[in-house]
Each structure stands twice: as structure tokens, then as C-alpha cells.
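Work through the following exercises with the sequence and the model at hand, and compare each result with the solution that follows it.

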Amino acid sequence: MSYPRKHLLAIEGLEPPHIADLLDLAESYALLNRSGKTQRDLLKGRTLINLFFEDSTRTRTSFELAGKRLGADVINMSVSTSSVNKGETLLDTASTLNAMHCDLLVVRHGQSGAPSLLSQKVDAAVINAGDGTHEHPTQALLDALTIRRHKGRLEGLVVAICGDIAHSRVARSNMHLLTTMGSRVRVVGPPTLIPAEAARLGVEVFHDMKAGLAGADVVMMLRLQRERMSGGLVPSAREFFRFYGLDAEKLAHAKPESIVMHPGPMNRGVEIDSAIADHPTRSVIGEQVEMGVACRMAVLDVLSRQLPRNR
Ligand code: CP
């Protein structure tokens with residue numbers, strides 16, 4: 001297993017063998033999870049703390065499940081009832097957790113770069129669970145694993161990432177991962193929601209859904225992140241759905257065997273029609289969640305192997 005770092009802060013900078021090895025290990029955990037077996041000794045005696053400064057359902061729960069399945073002591077720190085509310089800084093909070101000899105620190109924060117800053121101050125291995133508009137590396141890993149399970153490969157696939165690209169850390173991590181692994185990535189959305197850096201990242205830009213979806217193997221929809229928008233970047237939810245919401249008519253432009261993905265949480269009727277989100281053969285949204293547990297087990301596995309014992 002080749003993984004060159006102490007932390008997982010971003011997909012950017014990882015080489016194809018690092019990503020492929022992580023996905024292979026995650027695949028073995030996916031099979032183990034489906035068989036009902038666990039591997040409770042690997043993280044025995046290790047402490048994992050989930051430190052989430054932003055809301056989460058999937059990521060926090062799956063890190064908890066992944067840690068417990070590997071035998072770690074898992075603590076979900078409730079930021080809303082912590083001393084952060086009394087003015088304690090991010091770094092002082094981290095130093096406090098460090099003094100308790102936490103081994104693995106899973107951090108979600110509204111500021112891009114916050115997990116990276118923490119990683120310079122604590123002894124624990126830090127995992128970025130989503131920072132601002134920067135990256136969400138384990139989401140990209142679970143997306144890639146889901147795609148690979150359905151298509152058998154990543155190289156050469158046409159992947160259309162649609163909607164609010166500008167505010168999406170999921171899009172950014174996926175653009176890095178998929179281009180690194182040889183996929184042909186398109187971003188599709190209104191000009192106000194496509195970041196200027198898209199061209200630099202080696203992706204094709206489309207403002208028309210039907211053109212962007214034409215011949216796609218994978219259609220990845222994203223949530224409109226109104227909480228990160230400073231102004232009216234889209235006219236209304238109804239207008240957005242008309243031009244950029246995925247429905248049967250627009251999906252018909254992708255390959256007939258294409259799969260539909262969404263990282264969640266979904267806004268039904270805004271970026272995706274319910275009939276597509278719940279489609280029994282095209283939608284793989286539930287499987288993405290399942291693969292999230294397997295990928296997080298793989299990440300905890302590789303990072304913990306590099307940690308000293310008896311800290
Ligand atoms: N995809 C994702 O990060 O979901 P949560 O916000 O529920 O963790």
C-alpha cells in the first residue's frame with residue numbers, strides 16, 4: 001500500500017498509484033462489510049475524534065462507523081455544546097484534544113485550509129472531512145470507488161459534474177481525482193457557478209446541460225450551496241431546475257447505461273428530479289453512501305499504520 005503522507009488533507013497532489021491503492025483497499029473493505037465481518041483489532045487502543053464545525057449526516061456517521069468497525073474508540077465532539085461557544089479558538093481546541101492523545105482527528109470546517117492548519121499543530125493524523133470550498137477528499141474517493149464498481153475503470157470515462165461547481169469542495173476533489181486517473185471531466189452549469197480555475201484543472205466547461213451530458217458515462221449532480229453564496233447567483237430554484245435540474249429529458253442525452261450520482265444532501269426538484277434520484281437502475285446514490293464507510297475504513301487503516309504506538 002503506497003500512501004506517502006501522515007494526513008489526508010486533499011486529493012490534489014496524490015499520484016495515480018496512491019489513489020488506486022486506496023481504492024483497492026476500500027474495495028476489500030466494501031466486500032468485508034457486505035459479508036458482515038469486521039476487523040476490530042486494527043485500531044484497538046486508538047482514539048478517533050470527529051470534530052465537525054459544520055453540519056453533516058453522511059460523513060460524520062460513516063467515519064464513526066468506520067472507526068468502530070476497525071476497533072477504535074470513537075468520540076463525536078459536539079461543537080455546538082463545546083467551549084468553542086465560550087470563545088475558544090480552533091487551535092486551542094485542537095491542542096486540548098491533542099493533549100488527550102487523540103490518534104486520528106477528522107475535521108470539517110467552514111474555512112478552507114482549517115484542517116491543514118490543524119495538522120501543523122497536532123500529533124494526530126488529520127483527515128479533512130470538508131473544508132470551505134476547498135476539498136472533500138474522502139467524498140471523491142467514495143465517488144471514484146462507486147464509479148469503478150459500475151464501469152470497471154476510471155480511465156477514459158466521460159464524467160459530467162453538474163450544478164454549483166464554484167462553491168463545491170466535492171467538485172474540486174472530484175476534478176483532481178478523476179483527471180489524475182484519466183477520466184474526461186466536464187463541468188456543466190451557469191457561468192456564475194463555474195469557477196475561473198476550471199480550465200486550469202483540465203476540465204471542459206459547458207453552460208448547456210444537454211450538450212454537457214451528451215455521451216456521458218457518469219452524471220454527477222451537486223447541491224446549490226446557497227449558504228456559501230454572497231449574492232443572487234441564480235434567479236430562482238424553479239428557473240435553475242428548468243435549465244440545470246436533472247430530469248428524464250436531460251438525462252436522455254447521456255449514454256443509456258450512464259449512472260447518476262449525488263453526494264447528498266439533495267434538494268429534490270432543484271438540482272435533481274425525484275424520479276431520477278430514486279431510479280432503480282440509473283441512480284447509485286445509496287451505493288455512494290455505502291462506499292463511504294468502506295473508503296473511510298481504508299483511509300483510517302493506512303493513516304493509522306504510520307502512527308507511532310504508545311503515544
Ligand atoms: N456528502 C456529504 O458530505 O454529506 P454530509 O454533509 O451529510 O456529510
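**Exercise 1.** In S4, which residue is the bridge partner of Val107?

*Solution.* The model is a predicted one, in which local features need pLDDT of at least 70, side-chain atom pairs count only at pLDDT 80 or more, and totals for chains, interfaces and linings use all residues. Residues are numbered from 1 along each chain as its sequence is written, and side-chain values use heavy atoms, with hydrogens and water left out. Start from strand S3 (residues 104-109), which runs parallel to S4 and is joined to it by 5 bridges; strands are DSSP runs of E with at least two residues, helices runs of H or I with at least four, numbered from the N terminus. Within S4, Asn128 is the bridge partner of Val107.

**Exercise 2.** Establish the strand order of the open sheet and identify its edges.

*Solution.* The 4 strands follow the order S2-S1-S3-S4 with parallel pairing, where two strands pair if DSSP finds at least two bridges between them. Strand S2 (73-77) and strand S4 (125-131) each have a single partner strand, so one side of each is left without a neighbour in the sheet.

**Exercise 3.** Describe the setting of Gln225.

*Solution.* Locate Gln225 in the loop between strand S8 (218-221) and helix H8 (237-244). Next, note that Gln225 is buried, with a relative accessible area of 9%, buried meaning under 20% (1.4 Å probe, protein chains only). Finally, the side chain of Gln225 reaches the backbone oxygen of His167 at 3.4 Å.

Terms used
Buried < 20%, exposed > 50% of the residue type's maximum accessible area, 1.4 Å probe, protein only. Polar contact = N/O pair within 3.5 Å; in protein donor to acceptor, adjacent residues only side chain to side chain.
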